[in-house]
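Trainee: I would like to go through this model one question at a time. Please give the reasoning before each answer.

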Amino acid sequence: MRELYTIRFTALRLSREWIVLLLLFGVPIVLVTLFSVILADIEYMGVSAVDETNVLMVLAFQLFGGTVAMNYIYLDFFTERRYRIQSLPINTSLYGFTLMLLGTLYSILLGAILVGYSTLVWDVNWGNIPWSIFIITLMALLSSIICLLLTFSVKKFSIAERLSEVYGIGAILLAGLFFPMPDNAVINWVNEYVNPIALAYEAVDAYRNANVEDAWMNAGLLGGLIVITFVIMLLLGRRRMP
């Protein structure tokens, strides 16, 4: 299992990605701090604005965590570097899987630290912490799969990058985080059954309010999206991976 030895080198590679760390950890931690100060003691319909905003903020950044695996897969399999990777005595498919795994774990780790920071420093109510980290895990996994699916779907990587941004920003817009969305049947259906950030927030909020059945239903919908997109990603990946 020589492929397992590459995990250490991928982890070292990740530890040097300062821009990724800044975007996926530095920016959200600043935003969580700012919103905690600005929205302190404000409530909307009986819900603390700090709790709602910070939970949504941490979940929203999970939408972009898949860009780590996306970039590594592109660099190692779709640029000149692929000749070096293919010359190594390893199973390249398994190596690609370890890249996806490490990228997903990195996103989960950053999300878990943000949950801990917001809870310990700003007393944000996440409800059940293990459950919230489980939901973050589902979000991170779905993001990695969708970003890879986009990488395998188009010929130009720059287009895949833009589409991954459309995925993240589009989900945030539809969930009404920037401004309220109109009461439209299609938008409501998307937020209720497909939009990952809406499903993740409902799962965390339902568990926080002891509505375990709704929490599991939303987690199940996230799991269903993961299964469907994973199958499509595998089919596309078999055609595109060298």
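Trainee: Is Arg-162 buried, partly exposed or exposed?

Mentor: Keep in mind that the model is predicted. The relative accessibility of Arg-162 is 42%. Buried means under 20% and exposed means over 50%. Arg-162 therefore counts as partly exposed.

Trainee: With which residue does Glu-165 form a salt bridge?

Mentor: Glu-165 lies in helix H8, and about one helical turn separates this residue from its partner because the two are three residues apart. Glu-165 is itself partly exposed, with a relative accessible area of 34%. The closest N and O atoms are 3.0 Å apart, and the partner is Arg-162.

Trainee: Phe-157 is also found in helix H8. What is the separation of the C-alpha atoms of Phe-157 and Tyr-74?

Mentor: Phe-157 is buried, at 10% relative accessible area. Beyond four places in sequence, Phe-157 touches Met-70, Asn-71, Tyr-74 and Thr-151. Phe-157 and Tyr-74 are 83 residues apart along the chain, yet their C-alpha atoms are separated by 7.5 Å.

Trainee: How many salt bridges does a search of the whole structure find, and which residues are joined into one network?

Mentor: The search finds four salt bridges. One of them, in helix H10, links Arg-208 and Asp-205, three residues apart. Salt bridges that share partners make a network of Arg-13, Asp-76 and Arg-81.

Trainee: Within that network, how far apart are the closest N and O atoms of Asp-76 and Arg-81?

Mentor: Asp-76 counts as buried, at 1% relative accessibility. Arg-81 counts as partly exposed, at 31%. Their closest N and O atoms are 3.2 Å apart.

Trainee: Asp-51 is buried yet has no salt bridge. How far away is the nearest side chain of opposite charge?

Mentor: Asp-51 lies in helix H3. Leaving aside neighbours within four places in sequence, its contacts are Asp-123, Val-124, Asn-125 and Arg-208. A salt bridge needs nitrogen and oxygen within 4 Å. The nearest side chain of opposite charge, Arg-208, is 5.0 Å away.

Trainee: Asp-123 is not a glycine. What is its phi?

Mentor: Asp-123 lies in the loop between H6 and H7. At 63% relative accessibility, Asp-123 counts as exposed. Its phi is positive, about 55 degrees.

Trainee: Where is Ala-210 found?

Mentor: Ala-210 has a positive phi of about 65 degrees, although it is not a glycine. Ala-210 is exposed, with a relative accessible area of 65%. Its place is the loop between H10 and H11.

Trainee: In the largest nonpolar core, which residues touch the most other members?

Mentor: The core has 66 residues. Helix H7 gives the largest share, 13 residues. One core member, Ile-135, touches Ala-200, Ala-203, Val-204, Ala-219 and Leu-222, not counting residues up to four places away in sequence. The residues that touch the most other members are Leu-59, Ile-135 and Ile-197.

Trainee: How much accessible area does the nonpolar patch on the surface have?

Mentor: In soluble globular proteins, nonpolar side chains tend to be buried together. Leu-22, in helix H2, is exposed, at 51% relative accessible area. Leu-22 forms the patch with Ile-19, Leu-23 and Val-27, and their accessible area together is about 380 Å².

Definitions and conventions. Residues are numbered from 1 along each chain as its sequence is written. This is a predicted model: local features need pLDDT of at least 70, side-chain atom pairs count only at pLDDT 80 or more; totals for chains, interfaces and linings use all residues. Side-chain values use heavy atoms; hydrogens and water are left out. Patches are made of residues with over 30% relative accessible area and no salt bridge: like charges are joined within 9 Å, nonpolar side chains (Val, Leu, Ile, Met, Phe, Trp, Tyr) within 5 Å. Accessible areas come from the Shrake-Rupley method with a 1.4 Å probe; for residues, only the protein chains shown count as cover. Helices (H or I, at least four residues) and strands (E, at least two) are DSSP runs, numbered from the N terminus. Buried means under 20% relative accessible area, exposed over 50%, partly exposed in between (1.4 Å probe, protein chains only). A nonpolar core is a set of buried Ala, Val, Leu, Ile, Met, Phe, Trp, Tyr and Cys residues joined through side-chain atoms within 4.5 Å. Contact means heavy atoms within 4.5 Å. Lys and Arg count as positive and Asp and Glu as negative; His and the chain ends are not counted.
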